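Subject: Structure for your review

Dear colleague,

I am passing on the structure below, and my notes on what was found in it follow directly after. Please read them with the coordinates open beside you.

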Amino acid sequence: MSIKLQIARNQLGAALDLFIRNKDPFSVQALACGGSEIIEGLASEAQIPTLSTHILATFPNVDMRKIKALRNQYWNAIKHYYRLDGAGARDDDALMAEFSDAANDAPLFMGWLDYMLLTKCLPVEVQVFQVWWYATNEDKMSPEADPTPYRTMFPRIGDVGRQEQKRRLRRTVEKYRHNREILADPRTERGSLLRSA
């Protein structure tokens with residue numbers, strides 16, 4: 001594993017661990033966006049299609065710079081003190097007043113999706129998170145998508161509030177974390193989300 005891939009994997013793993021445990025959404029955002037950017041670059045360099053290349057192929061008129069600026073708005077506010085021109089402090093108070101844990105869903109989903117495209121495997125926790133993401137974003141799914149898998153794992157999750165949705169995610173991760181069938185699948189990356197020093 002290259003050092004850049006290891007860094008991205010560690011960032012995404014730490015971000016998802018914090019997210020599942022409902023801890024420190026600012027750090028989740030910083031780690032998820034940082035890891036996602038590296039993974040996207042590694043996949044691009046390896047000429048492996050990413051979510052961004054899929055979007056461009058499907059919607060060729062999309063301005064990816066604007067999409068990435070929107071994706072990175074909170075991340076930039078979290079990681080930078082100075083304005084882009086360096087002439088003073090950024091004023092991010094109004095933007096960050098809108099920030100919530102829900103802003104972490106998309107960077108985590110995108111980063112781990114690109115990771116899977118690059119490595120061909122995912123940790124159990126990420127597999128559960130992806131199904132949870134589909135279940136909580138059913139309105140964003142293709143009309144042809146079969147909702148049975150995510151509705152079965154997370155029944156009627158759209159009818160409950162965010163805290164209950166996250167509680168169900170934690171419970172389901174615990175349920176499947178040691179599932180022998182999933183762990184035996186070659187598409188499952190074994191080991192902890194958090195890597196040792």
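Arg-90 lies in the loop that runs between helix 4 (64-79) and helix 5 (93-97), and in this predicted model its relative accessibility of 27% places the residue in the partly exposed class. Not counting residues up to four places away in sequence, Arg-90 touches Gln-73, Asn-76, Ala-77, His-80, Tyr-81, Tyr-82 and Arg-83. For one of these partners, Ala-77, the C-alpha separation from Arg-90 is 7.6 Å, with the two positions 13 residues apart along the chain.

Two other loop residues deserve a look for their backbone geometry. Asn-22, which is found in the loop between helix 1 and helix 2, has a positive phi of about 65 degrees although it is not a glycine, and with a relative accessible area of 30% Asn-22 is partly exposed. Arg-156, in the loop between helix 8 (148-153) and helix 9, likewise is not a glycine and has a positive phi, here of about 50 degrees; the relative accessible area of Arg-156 is 65%, and because the exposed class begins over 50%, Arg-156 is counted as exposed.

Turning to helix packing, helix 7 (residues 124-136) and helix 9 (residues 162-176) pack with their axes 9 Å apart and at an angle of about 145 degrees, and the crossing of helix 7 past helix 9 is right-handed. On the side of helix 7 the contact is made by Val-124, Glu-125, Val-128, Phe-129, Trp-132 and Thr-136, while helix 9 contributes Arg-162, Gln-165, Lys-166, Leu-169, Thr-172, Val-173 and Tyr-176. Sorted by class, this contact has 7 nonpolar, 3 polar and 3 charged residues.

Which residues touch the most other members of the largest nonpolar core? Of the 35 residues in that core, they are Leu-16, Phe-19, Leu-108, Trp-112, Phe-129 and Leu-169. Helix 1 (3-20), helix 2 (25-45), helix 6 (105-119), helix 7 and helix 9 each supply at least two residues of this core. There is also a second, separate core of 5 residues, which includes Tyr-74, Leu-95, Met-96 and Phe-99. As general background, nonpolar side chains in soluble globular proteins tend to be buried together. Leu-169 can be followed from the helix contact into the core: leaving aside neighbours within four places in sequence, Leu-169 is in contact with Phe-19, Ile-20, Val-128, Phe-129, Trp-132 and Phe-154.

Phe-26 is placed in helix 2 and touches Ile-78, Met-96 and Phe-99, not counting residues up to four places away in sequence. Is Phe-26 buried or partly exposed? Its relative accessible area is 44%, and because buried means under 20% and exposed over 50%, Phe-26 is partly exposed. Phe-26 and Ser-100, although 74 residues apart in sequence, are 8.8 Å apart in space, C-alpha to C-alpha.

Ser-36 is also in helix 2, but with a relative accessible area of 7% Ser-36 is buried. Leaving aside neighbours within four places in sequence, the contacts of Ser-36 are with Leu-12, Pro-107 and Gly-111. From Ser-36 to Glu-181 the C-alpha distance is 28 Å, and the two are 145 residues apart in sequence.

In helix 1, two polar or charged positions can be set side by side. Asp-17, in helix 1, is buried, with a relative accessible area of 14%, and is in contact with Leu-193 and Leu-194 when neighbours within four places in sequence are left aside. Asn-10, which also has its place in helix 1, is partly exposed at a relative accessible area of 29%; the C-alpha atoms of Asn-10 and Thr-188 are separated by 16 Å, with the two residues 178 apart along the chain.

Finally, a word on the cysteines. A search of the whole structure finds 0 disulfides. Cys-33 has 3% relative accessibility and Cys-121 has 16%, and because both values fall under 20%, Cys-33 and Cys-121 count as buried.

With best regards

Key:
Residues are numbered from 1 along each chain as its sequence is written. This is a predicted model: local features need pLDDT of at least 70, side-chain atom pairs count only at pLDDT 80 or more; totals for chains, interfaces and linings use all residues. Side-chain values use heavy atoms; hydrogens and water are left out. Axes are lines fitted to C-alpha atoms, for helices over the stretch in contact, and angles run from 0 to 180 degrees between N-to-C directions. Helices (H or I, at least four residues) and strands (E, at least two) are DSSP runs, numbered from the N terminus. A crossing is left-handed if the near helix is turned anticlockwise from the far one by less than a right angle, and right-handed if clockwise. Contact means heavy atoms within 4.5 Å. Ala, Val, Leu, Ile, Met, Phe, Trp, Tyr, Cys and Pro count as nonpolar, Asp, Glu, Lys and Arg as charged, and the others, Gly among them, as polar. A nonpolar core is a set of buried Ala, Val, Leu, Ile, Met, Phe, Trp, Tyr and Cys residues joined through side-chain atoms within 4.5 Å. Buried means under 20% relative accessible area, exposed over 50%, partly exposed in between (1.4 Å probe, protein chains only). A disulfide is a pair of cysteine sulfur atoms within 2.5 Å.
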